[in-house]
Amino acid sequence: MTIEVLEKELKEGKLSEIYLFYGEETYLMETCTKKIKKLFGDMIKGINYVEIDDTNLEQLISDLQTPSFGYPKKFVLVKNTGLFKREVKKKGAGFQELRDKICDYLKENGEEMKRDNLLIFVEESVDKGKMLSCIEEIGASICNFEYQKLPNIVARLKAICKAYGVKIEDSTLKYLIECVRGKLTRLNERNSKTN
């Protein structure tokens with residue numbers, strides 16, 4: 001799935017049950033994740049919203065199995081765990097076993113899990129391997145957020161400026177993009193530092 005297709009689906013209010021986001025353009029990845037959260041609705045941490053990272057990955061299966069009390073679905077965000085990397089030596093011997101266990105659980109309980117949860121994996125990079133095959137097999141929407149080319153960044157920034165009623169020349173946008181070396185995330189970082 002391309003970024004444009006994903007953004008179109010989100011604009012139309014369409015949500016998948018499982019997503020895998022990865023890539024270098026973290027600003028767009030975070031923006032799409034925020035849009036999904038907004039479409040999902042009310043979230044209460046520990047009740048119908050759970051965040052998983054490499055420090056609590058062993059809780060993923062139990063969090064997927066635990067119902068969201070008073071809500072139809074639970075939002076589970078799994079971020080920067082290394083599950084989709086082939087190289088696991090740094091993680092230890094138990095990590096491979098845990099990854100296999102998670103993969104087996106998703107394959108065996110995919111339909112039930114999708115009915116009760118909205119699951120998003122967010123990773124810096126993804127290698128072809130068992131976990132990626134597992135996610136593809138159960139029907140995840142997979143999107144690679146690669147660096148955007150200059151015309152795409154200009155078009156995005158122009159649309160943002162237009163939404164705020166700001167007219168800006170392409171040459172000014174190109175200079176701004178050059179200043180942040182083409183990374184939209186850096187625009188956001190600069191904005192948050194000035195606030």
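Here are some friendly notes on this predicted model, point by point.

1. **Overall make-up.** The protein contains nine helices and five strands. Following the chain from its start, the elements come in the pattern α-β-α-β-α-β-α-α-β-α-β-α-α-α. Of the 195 residues in the protein, 41% are buried. Among contacts with a separation of 6 or more, 74% are between residues 24 or more positions apart.

2. **The sheet.** The five strands make an open sheet, and their order across it is S2-S3-S4-S1-S5, with parallel pairing. At the edges you will find strand S2 (49-52) and strand S5 (141-144); each has a single partner strand, so one side of each lacks a neighbour in the sheet. If you ignore direction, neighbouring strands of this sheet are turned by 15 degrees against each other on average.

3. **One strand pair in more detail.** S2 pairs with strand S3 (residues 74-79) in the parallel sense, and four bridges link the two. If you would like a landmark for this pair, look at Ile 52, whose bridge partner in S3 is Val 78.

4. **H6 against the sheet.** Helix H6 (residues 130-137) lies across strand S1 (18-22), strand S4 (117-123) and S5. With respect to S5, H6 runs at about 130 degrees.

5. **H6 against H4.** H6 also packs with helix H4 (residues 93-108), at an angle of about 15 degrees and with the axes 10 Å apart. Angles under 35 degrees count as roughly parallel, and H4 and H6 are therefore roughly parallel to each other. Their crossing is left-handed.

6. **Who meets whom between H4 and H6.** On the H4 side, the residues in contact are Arg 99, Asp 100, Ile 102, Cys 103, Asp 104, Leu 106 and Lys 107. They meet Lys 130, Met 131, Cys 134, Ile 135 and Glu 137 in H6. Sorted by class, this contact of H4 with H6 has six nonpolar and six charged residues, and no polar ones.

7. **A loop residue to look at.** Ser 125 sits in the loop between S4 and H6. Is Ser 125 buried or exposed? With a relative accessibility of 29%, Ser 125 falls in between and counts as partly exposed, because buried means under 20% and exposed means over 50%.

8. **What surrounds Ser 125.** Leaving aside residues up to four places away in sequence, Ser 125 touches Phe 84 and Lys 85. Gly 82 is another residue to check here: Ser 125 and Gly 82 are 43 residues apart in sequence, and their C-alpha atoms are 8.3 Å apart in space.

Definitions and conventions: Residues numbered from 1 in each chain as written. Predicted model: local features only at pLDDT ≥ 70, side-chain atom pairs only at ≥ 80, totals over all residues. Heavy atoms only, no water. Axes fitted to C-alpha atoms, helices over the stretch in contact; angles between N-to-C directions. Parallel < 35°, antiparallel > 145°, perpendicular 65-115°, else oblique. Left-handed = near helix turned anticlockwise from the far one by under 90°. Contact = heavy atoms within 4.5 Å. Nonpolar A, V, L, I, M, F, W, Y, C, P; charged D, E, K, R; others polar. Pairing = 2+ DSSP bridges. Buried < 20%, exposed > 50% of the residue type's maximum accessible area, 1.4 Å probe, protein only.
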